[in-house]
Each structure stands twice: as C-alpha cells, then as structure tokens.
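Visitor: I should like to be guided through the structure shown below. May we begin with the terms that the discussion requires?

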Amino acid sequence: MRAGNSSRPGRLGVGVISVGRVGAVIGSALRAAGHQVVGGHAVSAASRERAELLLPGVPLLDVPEILRRAELVVLSVPDDALGPLVQGATDLGHWQAGQLVVHTSGRYGTAVLEPARQAGAIPLAIHPAMTFGGFSTDVARLVGCPMAVTAPAPVLPIAHALAVELGGEPFVLDESARPAYHAALTHGANHLVTLVGQAVRMLAAAGVDDGAPTLRPLLTAALERALLEGEAGLTGPVSRGDAGTVAAHLDSLKALRDGQGRPLDDVVATYRVLAAATARRCEVNGRISSEQAKSVREVLEQGEPCD
C-alpha cells in the first residue's frame, strides 16, 4: 500500500469511489484536512467535471488502481451498488490488510463491508445527515453537520476522528437502527422536495407564476417552527378541525389543470394522505376533538378512488 506523501503525521492517501455529488465533497473536505487524495473514480461526464472543480489535480483512475494506492478508501456509490462493489473487489483480491474502508450510505452499517473486513480491511460507516448538490458550498455545510457513525468497537474512535475531520458532529448509530434512521431522513428531506414541488405546481395552475418566492416566507417559518416546536407548531384548517375548508380545498384541487391541461391527480392524492395523517396526529394530541377528526376524515374519503 502506498502511503500519502504528506509530511504531517496521521495523514492518509485517500481514494474516492466515486466522485459524485457526495464523494467529491467528502474528498475535498478530507483534502482540506490535510489528507492526500491519490485518486478518484468517475464514470459520467458530470462526475468528471465535478472532480475538476472540487478535486483539481487528482487523477481519475480505475477502481483496482485506487484500491492499490489508497490507505483510506471512500465508497460513495449508490446503495444498491455498494454490496456488489465490495464483493467484487474481494473476489479479485484488491483489499489490503489495514486499509481503511468507509462508506457514506445511510442505509447500511458495516455488515455490507464484511467481505472487505475478512480480507483484512478496517470497515467504517459515516453518513452526514445532509443533502448534497456536489458544489464547493457543500464542504462548508459539513461543518457542524450531524454524522451517524457505525464501526466495530475497537475502531470506532477512527470513525469518530474522520467525522470530526470532515467538520461534523459524530454520533454512534447501531447497525440495526440505520435503515429506520435513513428512512426518517429520506422522508423528511426528499419528500419535502416533492411536497414543495407540488405546492409550486398548484400555484402555477392557479395563475401564480412566481410560486417559489411566494412560498418562501411561509415555508421557512413553518420549517423553523416544526424543528423548534414539533407538532405544536402546526397551523391550518386541519389543526382547527375546519372540515368545510378541507372540502373546499379538495374541490378546487380536483378542478385545477397544469399547462398541458392535465389534472393534478398526484397532488390531490398527496393532499388526502397528508391531511388524514395530520388529522390523526391532531386528534391524538388533543388539538381537535374526535368528532372534528371524524368530520375531516369523512370529507377526505368522499370521492376517493377505490383500489
């Protein structure tokens, strides 16, 4: 294994597979911490451009060469590709004894790295609780970012140290908890994007062209209240038990058409599901009575498509 060329003690030669939105940012942050990025793997043109921007001067290499050169291997491939990549490198004998192997998947702990561990590598899982765009601004956003770390107890301090070097705030997460943890982050962040996108489309269909700036003050305040106050920060017709307003919303949504004259069926379906979930939570928390919750549910179920 080739060591990094840095004269600073504890600095590592880092290989990044692949230099996508996450990998390029992680590699850039490790480089800023004093490690030497000895190679990156890129398949798409977008990844190659990202490497030029965030990892200038770093050679783009094939996977076997990166595994030969690197003391620390960062695996930032899609979740479904992680297991096959680890197993494939194992079958070809590419892992090296003492080599640090860290993946950035939220879904997995270190069990997915077991073939590499059996080959002598040291398995680590570090997941920043952040969304990545693959830009230089993401490096700064790593500072103070919570990072879930999972590793065998003897090497857990190494995972902690790497997370700190990335600028993060590490916390230990059990292997068994990672799927639920990742589902929570996905539900909160990814589905938020879907929800906001639907709201923008609704406004456009209603004749409001500048939907994003119209929504920004409201959504910013709602997000802050949700994070600070939890469900106590909820406002709106469901939280008041206003079934009549909910009915008016559904009538208007079903009448809306997009720019191509198509109904917003996905928006109507999402509104029904989220309004029903909100009514249940408001009833449980005593915000509305059981009778009010029942009235809201009845409105939401009227005209609902049958399976």
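Guide: Two strands pair if DSSP finds at least two bridges between them. Helices (H or I, at least four residues) and strands (E, at least two) are DSSP runs, numbered from the N terminus. This is a predicted model, in which local features need pLDDT of at least 70 and side-chain atom pairs count only at pLDDT 80 or more, while totals for chains, interfaces and linings use all residues. Residues are numbered from 1 along each chain as its sequence is written, and side-chain values use heavy atoms, with hydrogens and water left out.

Visitor: Which residue in β4 is the bridge partner of Val-74?

Guide: Strand β3 covers residues 72-75, and strand β4 covers residues 100-103. These two strands pair in the parallel sense over 4 bridges. Within β4, the partner of Val-74 is Val-102.

Visitor: Through which helix does the chain cross from β3 to β4?

Guide: The crossover is of the β-α-β kind and is right-handed (with the strands pointing away from the viewer, the path from the first strand over the helix to the second runs clockwise). The helix on the path from β3 to β4 covers residues 79-91 and is α4.

Visitor: Which residue of β3 stands opposite Gly-15?

Guide: Strand β1, residues 13-17, pairs with β3 in the parallel sense over 4 bridges. Opposite Gly-15 in β3 stands Val-73.

Visitor: Are the side chains of β3 buried or exposed?

Guide: Buried means under 20% relative accessible area, exposed over 50%, and partly exposed in between (1.4 Å probe, protein chains only). Leu-72 and Val-74 point one way from β3, whereas Val-73 and Leu-75 point the other way. On both sides, these residues are buried.

Visitor: Which residue of β7 is the bridge partner of Pro-146?

Guide: Strand β6, residues 146-150, runs parallel to β7 and is joined to it by 4 bridges. Together with α7, these strands make a right-handed β-α-β unit. The partner of Pro-146 in β7 is Glu-169.

Visitor: How many aromatic pairs does the structure hold?

Guide: Rings of Phe, Tyr and Trp (its six-membered ring) pair if their centres lie within 6.5 Å; planes under 30 degrees apart count as stacked, over 60 as edge-to-face and the rest as tilted. Phe-171 and Tyr-181 form an edge-to-face pair, 6.1 Å centre to centre with 70° between the planes. Phe-171 lies in strand β7 (residues 169-172) and Tyr-181 in helix α8 (residues 178-205), so the pair ties together parts 10 residues apart in sequence. The number of aromatic pairs is 1.

Visitor: Is Tyr-181 buried or exposed?

Guide: Phe-171 has 31% relative accessibility and therefore counts as partly exposed. Tyr-181 has 11% relative accessibility, so Tyr-181 counts as buried.

Visitor: How many residues apart are Glu-165 and Arg-11?

Guide: These residues form a salt bridge, their closest N and O atoms being 2.8 Å apart (a side-chain nitrogen of Lys or Arg within 4 Å of a carboxyl oxygen of Asp or Glu). Glu-165 is partly exposed because its relative accessibility is 27%, and Arg-11 is buried because its value is 16%. Glu-165 lies in helix α7 (residues 156-165) and Arg-11 in the segment before β1, and their separation along the chain is 154 residues.

Visitor: Which residue forms a salt bridge with Glu-231?

Guide: Glu-231 lies in the loop between α9 and α10 (237-240), and its partner lies in helix α12 (residues 265-284), so the pair ties together parts 50 residues apart in sequence. Glu-231 counts as partly exposed at 40% relative accessibility. With closest N and O atoms 2.9 Å apart, the partner is Arg-281.

Visitor: On which residue is the kink in α9 centred?

Guide: The 19 residues of helix α9 (residues 211-229) should span 27 Å (1.5 Å times one less than the number of residues), and the end C-alpha atoms are 26 Å apart, which agrees. A bend is the angle between axes fitted to the seven residues ending at a residue and the seven starting there. In α9 the kink is about 35°, and its centre is Pro-217.
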